[in-house]
Amino acid sequence: MARTPGLTVALICIGLTAPCVTHAWQATAAQPPKTDHAATDALNRMGAYLRTLTAFQVQSTTAREQVLDDGQKITIDGTVDLVVKRPNGLRADVITDEGSRTFFFDGRSFTIWARILNYYATVPAPATLGELGDVLSDKYGIELPLADLFFWGTDKSKAGAVTAAADVGPSQIGGVTCQHYAFRQEGLDWQVWIQNGDYPLPRKLVLTTTDDEARPEYSTVMTWNLAPSFNDLSFTFSPPSDALKIVLTDLKPGGGRQ
Amino acid sequence: VRMLHPIRVSTAMVVMVALTQTGLAAQRRVAETSVNRTTRVNRDEHVNVNRTTNVNVNRDVNVNVHRDVDVNVDRRYYGVGCCYDPHPIATAAAVTTAAVVTAAVIGSVVHSLPPSCSVVVVGGISYQHCGATWYQPRFAASSVTYVVVTAPR
């Protein structure tokens, strides 16, 4: 991974003082958009590799910052256990301090289950995971956990939105040697740690929302299992006898896809 | 699936906004969680959707309507296993919300239920009957909210 001299300067600065870092970024901003092709190539390679996976499990820890009215930030920790079978199976257990949600998708319907409250809602779903993300986001305002895993390497990826890309250097995430990359795009700075070698998987992701003055962050560290065990029942919700069925609010009643 | 009449839905939206603007619902901004989502369509539209729904993204059962409420209050709930934690602060918050909504206006939205509700299933959809008021629990994005409805038939 060749580095440009400019980036080396920036890295040195990071180890020093905040004003120096600021200066480095300002210098970057003053120049034409600075894109390290090693970084964008790595992103593309990761996306292409993700598309080759027919089944996978990701267990991750997440931390999401919420900003209170007075600007104070509160971190909400959680875990995600995601099992995916392409093209039409998904199960995700999301547990945070705010509650528990399990998502099921079997190529026919989508279910969200609030395990503690024991409410669930089931709606018709498109046939593939690729379409599911759009419907959930646009029609119901639901974002799949670790949604980027479903976008990278597809035509829904917004790689073109990246305005700056840098190869930060090697890093150890959970004992795995990764390469650390940093990207900027409108309203968002983000970093991804990609496993070195033949399995270029994202091991860590950090998002900094830059169009909010409090700059809240979301971060997740992922552990991968490329040979998960499941059967078709894993992706279909079987409601407990005392579970209560409720409505999932359609944000676009009368419009959008079913 | 029984859906609310559109007029009721829009009333619910108005009330939700009103509650938000008066600070009754904790107005929390959150970090983006997807690199690809933020710029996927119209960013502003998505942000609005995000923040509207995330106003209600709070703990199950009781919304921390006051930001000075101890964060730990709600966590107690998870050891309880059901729908209402009679913790004094939680109760106070819920009562405040209910009082402002004033005699449970049809279409208004609350984030937690008063005590002593019973579940009634009509047409396969679950309602909560609390005193004289009927609530329809719904998922608004991933959050559970309760819309005041007329008695289901």
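The following exchange asks how some descriptions of this predicted two-chain model are reached.

User: How do you know how far to trust chain A and chain B, and what is pLDDT?

Analyst: pLDDT is the predictor's confidence in each residue, from 0 to 100. Chain A averages 87, and 85% of its residues score at least 70. Residues 1-27 of chain A have a pLDDT below 50, and the stretch has 24 contacts in the model beyond near neighbours in sequence. For chain B the average is 56, with 38% of the residues at 70 or above. Residues 1-26 of chain B are also below 50, with 46 contacts beyond near neighbours in sequence. Another stretch of chain B, residues 61-102, stays under 50 and has 71 contacts beyond four places in sequence. For the complex, the predictor gives an ipTM of 0.79 and a pTM of 0.72.

User: Which elements of chain B have the lowest and the highest mean pLDDT?

Analyst: Helix α2 (residues 43-54) of chain B has the lowest, 27, and strand β5 (residues 133-140) of chain B has the highest, 94. Chain B holds 5 helices and 6 strands. Chain A holds 5 helices and 13 strands.

User: Why is A:H180 called buried?

Analyst: Buried means under 20% relative accessible area. A:H180 has 12%, so A:H180 is buried. This residue is found in strand β8 of chain A. Leaving out residues up to four places away in sequence, A:H180 touches several others, including A:D167, A:Q191 and A:W193.

User: What makes the pair A:H180 and A:Q191 a polar contact?

Analyst: The cut-off is 3.5 Å between N or O atoms, one able to donate a hydrogen and the other to accept it. The side chains of A:H180 and A:Q191 make their polar contact at 2.8 Å, and this distance is therefore within the cut-off.

User: How do you know that β8(A) and β9(A) pair, and in which sense?

Analyst: Two strands pair if DSSP finds at least two bridges between them. Strand β8 (residues 176-185) of chain A and β9(A) have 8 bridges, in the antiparallel sense, so the condition is met. One of the bridges joins A:Y181 to A:V192 in β9(A). The two strands form a hairpin with 2 residues between them, and A:G187 in the turn has a positive phi of about 80°.

User: What lies on the other side of the pairing question, with β9(A) and strand β10 of chain A?

Analyst: β9(A) and strand β10 (residues 202-209) of chain A run antiparallel and are joined by 7 bridges. A:I194 stands opposite A:P202 in β10(A). Their hairpin has 6 residues between the strands, and A:G197 there takes a positive phi near 95°.

User: Why is strand β9 of chain A described as mostly covered?

Analyst: Of its 8 residues (188-195), 7 are buried. Over chain A as a whole, buried residues make up 52% of the 258 residues.

User: What makes a group of residues a nonpolar core, and how many residues has the largest one?

Analyst: The residues must be buried, of nonpolar kinds such as Leu, Phe and Trp, and joined through side-chain atoms within 4.5 Å. The largest core has 65 residues, and A:L82, A:L90, A:F110, A:L149 and A:W190 have the most contacts inside it. Helix α3 (residues 37-52) of chain A gives the most to this core, with 6 residues. Apart from it lies another core of 8 residues, among them B:V109, B:I125, B:Y127 and B:V147.

User: What makes A:N118 and B:S116 worth a remark on phi?

Analyst: Most residues other than glycine have a negative phi. A:N118 is not a glycine, yet has a positive phi of about 65°. B:S116, also other than glycine, has a positive phi near 60°. A:N118 lies in the loop between β5 and β6 of chain A, and B:S116 in the loop between β2 and β3 of chain B.

User: Are A:N118 and B:S116 buried or exposed?

Analyst: A:N118 has 13% relative accessibility, so it counts as buried. B:S116 has 69% and therefore counts as exposed, the cut-off for exposed being over 50%.

User: Why is the bond from A:R86 to A:P87 singled out, and what is its omega?

Analyst: Most peptide bonds are trans. The bond from A:R86 to A:P87 is cis, with omega near 5°. A:P87 lies in the loop between β2 and β3 of chain A.

Note on methods. Residues numbered from 1 in each chain as written. Chains lettered and ligands numbered in written order. Heavy atoms only, no water. Buried < 20%, exposed > 50% of the residue type's maximum accessible area, 1.4 Å probe, protein only. Helix = DSSP H or I, 4+ residues; strand = E, 2+ residues; numbered from the N terminus. Contact = heavy atoms within 4.5 Å.
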